[in-house]
Amino acid sequence: AWTLCHMASVVALIAWSPENAVVEVTRIRHVLSNDEAARIVTAAETHAGDTGGWTTARHASYPTTDVAVESFKDSTTRRWLENSVVADRIFPLVAESHG
């Protein structure tokens, strides 16, 4: 399974084994502009504010504090993330670096 972690304009893709051990970490820089990163942060903070906070129990084996993109009420931002950012930018970079 892959987990996507976003920190400013750096995306880290983390490959997890079936035993939930980190197998590989790939960092991809400059996937997002500063404005795009700010858009994601704003959407996540808005969602957290509307729903009672950030989630902390989505991953039993690797706890995180996050917001699931698929739960964003802002469908425009959600579709942009899923299609433009992940499908059009990140997946091709993963394919290029991992064959």
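Where is the place of Ala44? Hold that thought while we get our bearings, and keep in mind that this is a predicted model.

**The whole chain**

Start by colouring everything by secondary structure. You should find two helices and three strands, and reading along the sequence gives the pattern β-β-β-α-α. Of the 99 residues in the chain, 32% are buried. Switch on a surface if you like: the accessible surface comes to about 6,300 Å², and 54% of that belongs to carbon and sulfur atoms. As for contacts with a separation of 6 or more, 32% of them are between residues 24 or more positions apart.

**Colour by confidence**

Next, recolour by pLDDT. The chain averages 75, with 70% of its residues at 70 or more. Among the elements, helix H1 has the highest mean at 85, while strand S1 (residues 2-7) has the lowest at 44. Now select residues 1-9. Here pLDDT stays under 50, and the model has 29 contacts beyond four places in sequence for this stretch.

**Ala44**

Back to the opening question: select Ala44 and you land in helix H1. Ala44 counts as buried because its relative accessibility is 9%, below the 20% cut-off. Show what surrounds it: leaving out residues up to four places away in sequence, Ala44 touches Trp54, Val67 and Phe72. For a distance to try in the viewer, pick the C-alpha atoms of Ala44 and Asp74; they are separated by 9.8 Å, with the two residues 30 apart along the chain.

**Phe72 and the core**

Phe72 was one of those partners of Ala44, so click there next. What does Phe72 touch, not counting residues up to four places away in sequence? The list is Ala43, Ala44, His47, Val67, Thr77, Arg78 and Leu81.

Phe72 also belongs to the largest nonpolar core, a set of 14 residues in which Phe72, Leu81 and Val85 have the most contacts. Helices H1 and H2 each supply at least two residues of this core, and the largest share, five residues, comes from H2.

**His47**

From Phe72, hop over to His47, which is found in helix H1. Is His47 buried or exposed? Its relative accessible area is 11%, so His47 is buried. Turn on side chains here: His47 makes a polar contact with the side chain of Ser71, at 3.2 Å. Beyond its neighbours within four places in sequence, His47 is in contact with Val67, Ser71, Phe72 and Lys73.

**The salt bridge**

Last stop. How many salt bridges does the structure hold? Just one, so select Arg89 and Glu36, whose side chains meet at 2.7 Å, N to O. This pair links distant parts of the chain: Arg89 is in helix H2 (residues 75-98) and Glu36 in helix H1 (residues 34-51), 53 residues apart.

The two partners fall on opposite sides of the 20% cut-off for burial. Glu36 counts as buried because its relative accessibility is 18%, whereas Arg89, at 24%, counts as partly exposed. Finish by showing what else sits around Glu36: leaving aside neighbours within four places in sequence, Glu36 is in contact with Val31 and Trp80 as well as Arg89.

Methods. Residues are numbered from 1 along each chain as its sequence is written. This is a predicted model: local features need pLDDT of at least 70, side-chain atom pairs count only at pLDDT 80 or more; totals for chains, interfaces and linings use all residues. Side-chain values use heavy atoms; hydrogens and water are left out. A salt bridge is a side-chain nitrogen of Lys or Arg within 4 Å of a carboxyl oxygen of Asp or Glu. Helices (H or I, at least four residues) and strands (E, at least two) are DSSP runs, numbered from the N terminus. Buried means under 20% relative accessible area, exposed over 50%, partly exposed in between (1.4 Å probe, protein chains only). Contact means heavy atoms within 4.5 Å. A nonpolar core is a set of buried Ala, Val, Leu, Ile, Met, Phe, Trp, Tyr and Cys residues joined through side-chain atoms within 4.5 Å. A polar contact is a pair of N or O atoms within 3.5 Å; within protein, one must be able to donate a hydrogen and the other to accept it, and residues adjacent in sequence count only if both atoms are side-chain atoms. pLDDT is the predictor's confidence in each residue, from 0 to 100. Accessible areas come from the Shrake-Rupley method with a 1.4 Å probe; for residues, only the protein chains shown count as cover.
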